[in-house]
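Work through the following exercises with the sequence and the coordinates at hand. Each task is followed by a solution that goes step by step.

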Amino acid sequence: MNFWKQGLVSVPDTSYQQFDPATTPPPGKASNCEWKGMPVFCGPRGLPFGSATLYHQRADATFEDVTKAPGIGTVQGFYAFTPVAADLNGDGWVDIYFASNSTPSMLFRNQKNGTFREIGTETGVALNEHGFEQGGNGVGVGDYNRDGLLDIVKTNFSGDHPNLYRNTGGGIFEDAVLSAGLAINPQFVGWGVALVDLDNDGWQDIFQVNGHVYLELDKAGRSETYTQPRLVYRNLGGGKFEDVSAMAGAGLAARHSSRGAVFADFDNDGDIDVAVMNMGEPPSLLRNGLAAGSTARWIKVTLEGVTSNRSAIGALVTIEAGGARQTLPRLGQSSFLSQNELRLHFGLGAAEAVDSVTVRWPSGATEVFAGCAAGATLVLKEGSGRR
Amino acid sequence: MILAAAIVLALLMPQSTADSLAEQGLAAAQQGDGAGSARRWQQAIAMNPRHYAALFNYGVYLHRSRAEAEAAPLLDRAAAVQPGYQVHFVRGLNFQKLERREDTIRAWQAALKFQPRNLKLMQVLSVEFSQGRYFHETAAVLREALAVAPGEENLYLLAIKAYQDAGEEAEAAQLAAQAVECFPRSARAQFEYGFYLQKRGSTAPALEFLRKAMELDPRYEEPFFFYGDLLVKQSEWKPALAPLRQALAIRPEYSPASVALARALMNLGKLDEAVAELEQAAKLDPKNAQPWMMSSQIYFRMGQEEKASAAKETSVRLRRENPSVLEAAQARPFPAVR
């Protein structure tokens with residue numbers, strides 16, 4: 001991720017918590033080592049907090065720890081899982097959002113002067129609407145309502161809903177999970193997640209993998225289970241989603257305790273597939289069977305930075321097609337411990353062509369490129385577009 | 001023959017003397033002669049260490065005299081000699097005074113075996129389980145109570161709460177659905193089911209049950225809050241104002257309602273009104289971090305970042321200082337019998 005527009009990459013990193021088996025009580029031997037009356041491994045509460053680190057690339061391609069300088073290190077006391085770097089307030093500078101567990105999630109706003117300021121609570125992405133800390137795990141970033149602003153979807157622990165943080169402008173968010181129809185599966189512990197157009201209709205859907213953390217559940221005969229199915233919510237437009245998991249095939253219904261999920265068109269057939277990491281099992285590769293019978297069109301966009309970092313991580317791409325505008329960020333990492341394909345995939349619905357592509361490069365430059373017919377992969381090089 | 005009679009007499013003598021002493025002890029106690037009664041019971045127990053009446057009555061006497069620690073071993077011995085409802089129940093009471101919750105529970109569980117349909121005992125046992133955060137056990141004993149008295153509305157409501165505390169949402173929901181059918185005129189029953197439905201994301205039916213609860217009991221604040229809060233979550237800012245204000249009219253210190261009202265006002269652009277609402281909430285509920293958290297969001301929208309940051313810091317401090325305000329108690333397993 002490029003935070004300082006210097007053409008070099010910075011990497012935000014987290015450690016979830018400090019764990020020392022010598023000092024950690026065995027299951028059931030302390031109040032934080034029980035869950036719903038069942039002895040389980042301890043934490044996160046009661047165990048020492050983890051930390052966030054920011055590594056900055058030097059000109060010689062090595063990295064240095066710059067956590068203290070930018071102000072990230074000033075925030076203490078959290079169990080952070082997933083950092084995602086994206087320009088969340090639309091000011092052209094990349095910010096960092098950390099999904100945290102049992103502590104407030106954090107949004108570090110890029111202050112444009114080499115420092116960050118934590119504004120998660122102020123912007124509505126730290127806690128739920130009643131001020132309760134959540135069990136934040138995975139994060140997806142996209143623009144589900146096609147307003148050009150980056151929204152966030154965050155998965156949480158069971159007994160809670162995910163968050164669908166709708167960007168209302170200026171990086172202020174409202175949790176739209178209930179009005180979006182996503183608050184219907186609180187029984188699952190959600191992990192890897194993405195805002196991704198799975199049916200090429202031009203609206204970003206939500207794919208979420210699940211799995212509990214306590215193996216003991218299966219022996220305890222509880223209604224919750226260690227292995228859980230995956231979920232797909234189809235974007236209906238108008239800010240609404242529909243749970244179509246039951247119609248999405250055996251790969252969705254299969255029960256695993258999944259964590260990471262990577263989104264990419266693995267078979268290059270024009271739709272997004274998903275690779276899923278499962279605990280104690282081989283990974284799953286879920287092939288999207290849409291292409292065979294679908295008339296919906298698509299394009300892919302790949303970027304090559306020149307002034308910006310070569311992979312153009314941190315760029316924001318907006319396409320105009322069929323009278324609609326769609327926006328996707330080029331992310332360094334998201335979902336949960338995962339890196340999606342760097343090609344950006346846009347479903348076009350019935351549109352036969354893309355009218356234009358606008359790229360805001362990590363360097364800060366904005367360029368407009370000519371569109372193309374559907375079904376193509378556009379390779380856009382920084383400096384070759386119209387400024 | 002004479003020898004045999006003498007042996008029998010010899011065997012009976014200590015017993016009959018112990019009986020007599022135990023009775024004398026009881027009589028003395030009834031006459032208010034504490035020291036005398038204690039002395040006679042002690043003598044009876046010395047003669048027959050397994051004399052139930054002496055052990056039990058002396059134990060009860062000590063318990064009533066607030067000498068619970070001395071009473072406990074006597075009552076334990078009495079229960080070992082002659083287990084029964086009464087001795088186990090009193091043991092439980094005595095343990096309760098000694099703040100030995102797990103022993104209280106075990107004693108009352110033992111008493112319940114002798115009177116398995118004793119509703120009052122089930123209720124006090126459920127309270128004890130609940131106070132110990134043994135929510136699964138709380139729910140289980142209330143389930144048993146419901147089997148004994150299926151027409152008791154309060155038992156349903158207590159059991160629903162216990163299942164919720166235990167995190168067993170499906171069980172809570174099942175009972176809430178039953179309660180709605182059994183008690184159609186109960187605002188609490190309507191509310192509990194509406195509460196479950198909103199947790200499941202079933203907004204429209206949840207609103208319906210919450211509305212019924214509001215109609216059945218206009219002085220019951222929770223349905224008003226949850227109804228208004230659901231509207232806020234649906235971005236229906238204006239319709240949310242009235243129910244939230246009603247919840248606050250009933251219970252002014254109801255912080256979640258203030259926060260939801262402030263959120264609605266904020267989204268209606270009434271930022272100053274929202275701040276005033278939260279200032280009032282912070283005064284009435286000074287340990288709660290929620291009003292400060294919401295203030296932080298509103299100040300940020302006003303462009304007052306330093307105030308926003310300060311409000312956030314206050315919310316963080318309050319959350320740290322008063323964790324119980326925002327954290328639900330976690331269920332824990334009842335320890336295995338030692």
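The exercises below treat two sheets, the contact between two chains, and two backbone features.

The model is predicted, so that local features need pLDDT of at least 70 and side-chain atom pairs count only at pLDDT 80 or more, whereas totals for chains, interfaces and linings use all residues. Residues are numbered from 1 along each chain as its sequence is written, chains are lettered from A and ligands numbered from 1 in the order in which they are written, and side-chain values use heavy atoms, with hydrogens and water left out.

**Exercise 1. Describe the sheet of chain A that contains strand 4, giving its strand order and its edges.**

Strands, like helices, are DSSP runs numbered from the N terminus (E, at least two residues, for strands; H or I, at least four, for helices), and two strands pair if DSSP finds at least two bridges between them. Begin with the order, which is 1-4-5 in an open sheet of three strands with antiparallel pairing. The edges are then strand 1 (10-17) and strand 5 (63-65) of chain A, each of which pairs on one side only. From one strand to the next the twist averages 25°, where axes are lines fitted to C-alpha atoms (for helices over the stretch in contact) and angles run from 0 to 180 degrees between N-to-C directions. Finally, seven bridges connect strand 1 of chain A with strand 4 of chain A in the antiparallel sense, and Ser15(A) has Ser51(A), in strand 4 of chain A, as its bridge partner.

**Exercise 2. Treat the sheet of chain A that contains strand 19 in the same way.**

This open sheet of three strands follows the order 18-19-20 in chain A, again with antiparallel pairing. Its edge strands are strand 18 (258-264) and strand 20 (284-286) of chain A, and the twist averages 20° from one strand to the next. Between strand 18 and strand 19 (residues 273-278) of chain A there are five bridges; Phe263(A) is partnered by Val274(A) of strand 19.

**Exercise 3. Characterise the interface of chain A and chain B by its residues, its buried area and its salt bridges.**

Contact, meaning heavy atoms within 4.5 Å, involves 37 residues from chain A and 38 residues from chain B. The buried area, which is the accessible area (1.4 Å probe) that two parts lose on being put together, summed over both, is about 3200 Å², and carbon and sulfur atoms give 47% of it. In chain A, the residues that lose the most area to chain B are Glu122(A), His130(A) and Leu178(A), together 21% of what that side buries. Turning to charge, the rule for a salt bridge (a side-chain nitrogen of Lys or Arg within 4 Å of a carboxyl oxygen of Asp or Glu) finds eight across this interface. One of them links Glu133(A) to Arg319(B), with the closest N and O atoms 3.8 Å apart.

**Exercise 4. Locate the cis peptide bond that involves Pro44(A), and the positive phi of Asn200(A).**

As background, most residues other than glycine have a negative phi, and most peptide bonds are trans. The cis bond joins Gly43(A) and Pro44(A), with omega about 0°, and Pro44(A) lies in the loop between strand 3 and strand 4 (49-57) of chain A. Asn200(A) has a phi near 55° and sits in the loop between strand 14 (190-196) and strand 15 (205-210) of chain A.
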